[in-house]
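Student: Could we go through this structure together and check how each label is earned?
Tutor: Gladly, let's have a look.

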Amino acid sequence: MLSIFLISSTSLIFIGLFGVLTRKNIVKILLSLNIIETGINLLLVAFGYKEGGQVPILTSSDSINQLINMVDPVPQALVLTSIVIGLGTTAFALGLTIRYYKTHGTVCIDTSDEEEVSLNE
């Protein structure tokens, strides 16, 4: 079961990396970065997975005796934090993309001939 999560997360990371490296459209690059983030989150959850593990919620004195069988809650907490931070950074990046579109008239990161001339001067 763990290998499925590892293969899936690694695949998502490489698909996102491919998108970041090959695309010129800023929106597509942002989507690729979110795919990488999803792959990393899945990888963290996979590392915290425990076969036959129980939810780490203590409901009675008997559950204290079964602490060994409980799943580590730290990876899930990290993933939740990562999702919130990812949402904020994506919203900020989309705001910057809108600003870029208003100033350049496109969302592609190719430089035009006029910009190359002004950069060389």
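What follows is a short conversation about labels in this predicted model.

Student: Why is I4 called exposed?
Tutor: I4, found in helix α1 (residues 2-22), has a relative accessibility of 52%. Exposed means over 50%, so I4 earns the label.

Student: Which residues make the nonpolar surface patch there?
Tutor: The patch is made by M1, L2, I4 and Y49, and its area is about 390 Å².

Student: What makes F5 and Y49 an aromatic pair, and why is the pair called tilted?
Tutor: The count by this rule is 1 aromatic pair. The ring centres of F5 and Y49 are 5.9 Å apart, and rings pair if their centres lie within 6.5 Å. The planes of F5 and Y49 make an angle of 55°. Under 30 degrees would be stacked and over 60 edge-to-face, so the F5 and Y49 pair is tilted.

Student: How do you know that the pair links distant parts of the chain?
Tutor: F5 sits in helix α1, while Y49 lies in the loop between α2 (26-48) and α3 (61-65), and 44 residues separate them.

Student: Are those two rings buried, exposed or partly exposed, and why?
Tutor: F5 has 23% relative accessibility and Y49 has 34%. Partly exposed is the range between the buried limit of under 20% and the exposed limit of over 50%, so F5 is partly exposed, and Y49 is partly exposed too.

Student: What about V27: why is it called partly exposed?
Tutor: V27, in helix α2, has 34% relative accessibility, and partly exposed lies between 20% and 50%, so the label fits V27. V27 and A93 are 66 residues apart in sequence, with 9.1 Å from C-alpha to C-alpha.

Student: Why is N41 called buried?
Tutor: N41 belongs to helix α2 and has a relative accessible area of 9%. Buried means under 20%, so N41 is buried. Leaving aside neighbours within four places in sequence, N41 is in contact with V79, S82 and I83.

Student: How do you know that E37 has no salt bridge?
Tutor: The nearest side chain of opposite charge to E37 is R23, 18 Å away. A salt bridge needs a side-chain nitrogen of Lys or Arg within 4 Å of a carboxyl oxygen, so E37 has none, although E37 is buried.

Student: Where is E37, and which residues does it touch?
Tutor: E37 is in helix α2. Not counting residues up to four places away in sequence, E37 touches S82, I83 and G86.

Note on methods. Residues numbered from 1 in each chain as written. Predicted model: local features only at pLDDT ≥ 70, side-chain atom pairs only at ≥ 80, totals over all residues. Heavy atoms only, no water. Patch = residues over 30% accessible without salt bridge, like charges linked within 9 Å, V, L, I, M, F, W, Y side chains within 5 Å. Areas by Shrake-Rupley, 256 points an atom, 1.4 Å probe, with all protein chains shown as cover. Helix = DSSP H or I, 4+ residues; strand = E, 2+ residues; numbered from the N terminus. Buried < 20%, exposed > 50% of the residue type's maximum accessible area, 1.4 Å probe, protein only. Phe/Tyr/Trp six-rings, centres within 6.5 Å; stacked < 30°, edge-to-face > 60°. Lys, Arg positive; Asp, Glu negative; His and termini not counted. Contact = heavy atoms within 4.5 Å.
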